[in-house]
Amino acid sequence: MESIPTTPQLLKAVTLTHVRYQRGDSLGHFLAWVSLIPVFISLGGFVTHFLFRREIQGLCFALGLIFSQFLNELIKSSVQQSRPETCAALEMCDSHGWPSSHSQYMFFFSAYFSLLCLSGTGDGARSRRSRFFIALFPWPTAILTLYSRVYLGYHTVAQVFAGATLGLFLGVLWFWIVNNLLVDYFPFIEESAIGRFLYIKDTSHIPNVLKFEYDSARAARKKLATD
């Protein structure tokens, strides 16, 4: 008795790290890695920051990015603008493209990071010039990410510029909210039960955190040696 052929189930990839490029395209291969930078920042940067630093400023930074991405998904589901025709080869036609979440993420991150550097929060030892150069650090990767999403066929130019504009606006707005409104609650968070349990701290009031930690570590070692 012949078996009845079954219809193969449709498979869907996890799009978080599923980036396609044309075989043999060296630039496309490079840009595919570039478009994964938001993943590296989230998992390698903020997770590591929480494990080893637990700064309230960093936690607020991460929460702002999460809110930005949530808002991005909300706008996408409301506008429902299709991705470019290349979405068929990329298996991405079932998701919407406006605005680009990668561009929004990177421009939010770059805006907040730059303002944090220029404000000199916890880093009073660096000169204004050095803070300016450090503030420029994320922008080349942000622009490359924007370009990669168009080059690889995931978004149109309008979609990446919409994401970049929204990310820039939200990054500046969230920085202002955190450092003008929420900063007054940092001591309360630090002294709260969960703050003390998780060792969450705020060092934004310390002019030079690096020197403070260095001096504190040396003092503790000397005290341990004399006890």
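Helices here are DSSP runs of H or I with at least four residues, numbered from the N terminus. The model is predicted.

**Exercise 1. Place Lys 76 and describe its surroundings: which helix holds it, and which side chain of opposite charge is nearest?**

Step 1. Locate the residue. Lys 76 lies in helix α3, which covers residues 56-79.

Step 2. Check burial and pairing. Lys 76 is buried and has no salt bridge. The nearest side chain of opposite charge is Glu 73, 4.4 Å away.

Step 3. Apply the cut-off. A salt bridge needs a side-chain nitrogen of Lys or Arg within 4 Å of a carboxyl oxygen of Asp or Glu. Glu 73, at 4.4 Å, does not give Lys 76 a salt bridge.

Step 4. List the contacts. Leaving out residues up to four places away in sequence, Lys 76 touches Arg 83, His 96, Gly 97, Trp 98, Pro 99 and Ser 101.

**Exercise 2. Find the salt bridges of the whole structure: how many are there, and which residues do they join into one network?**

Step 1. Count. The search finds three salt bridges.

Step 2. Start at Arg 53. Its side chain meets that of Glu 55 at 3.7 Å, N to O. Glu 55 counts as buried, because its relative accessibility is 8%. Arg 53 counts as partly exposed, at 28%.

Step 3. Add the other partner of Arg 53. Glu 213 forms a salt bridge with Arg 53, with the closest N and O atoms 2.7 Å apart. This pair links distant parts of the chain, 160 residues apart. Glu 213 sits in helix α11 (residues 209-226), and Arg 53 in the loop between α2 (37-52) and α3. Glu 213 is partly exposed, at 29% relative accessibility.

Step 4. Take the remaining pair. Lys 211 bridges to Asp 215, again with closest N and O atoms 2.7 Å apart. Both residues are in helix α11; they are four residues apart, so about one helical turn separates them. Lys 211 is partly exposed at 49%. Asp 215 is partly exposed at 31%.

Step 5. Join the bridges that share partners. Arg 53, Glu 55 and Glu 213 form one network.

**Exercise 3. Describe the nonpolar surface patch: which residues form it, and which element gives the largest share?**

Step 1. Name the members. They are Leu 27, Phe 30, Leu 144, Tyr 147 and Tyr 151, with about 450 Å² of accessible area together.

Step 2. Assign elements. Helices α1 (26-34) and α7 (139-151) each give two or more residues. The largest share, three residues, comes from α7.

Step 3. Check one member. Phe 30 is in helix α1. Phe 30 counts as partly exposed because its relative accessible area is 45%.

How values were computed. Residues are numbered from 1 along each chain as its sequence is written. This is a predicted model: local features need pLDDT of at least 70, side-chain atom pairs count only at pLDDT 80 or more; totals for chains, interfaces and linings use all residues. Side-chain values use heavy atoms; hydrogens and water are left out. Patches are made of residues with over 30% relative accessible area and no salt bridge: like charges are joined within 9 Å, nonpolar side chains (Val, Leu, Ile, Met, Phe, Trp, Tyr) within 5 Å. Accessible areas come from the Shrake-Rupley method with a 1.4 Å probe; for residues, only the protein chains shown count as cover. Buried means under 20% relative accessible area, exposed over 50%, partly exposed in between (1.4 Å probe, protein chains only). Lys and Arg count as positive and Asp and Glu as negative; His and the chain ends are not counted. Contact means heavy atoms within 4.5 Å.
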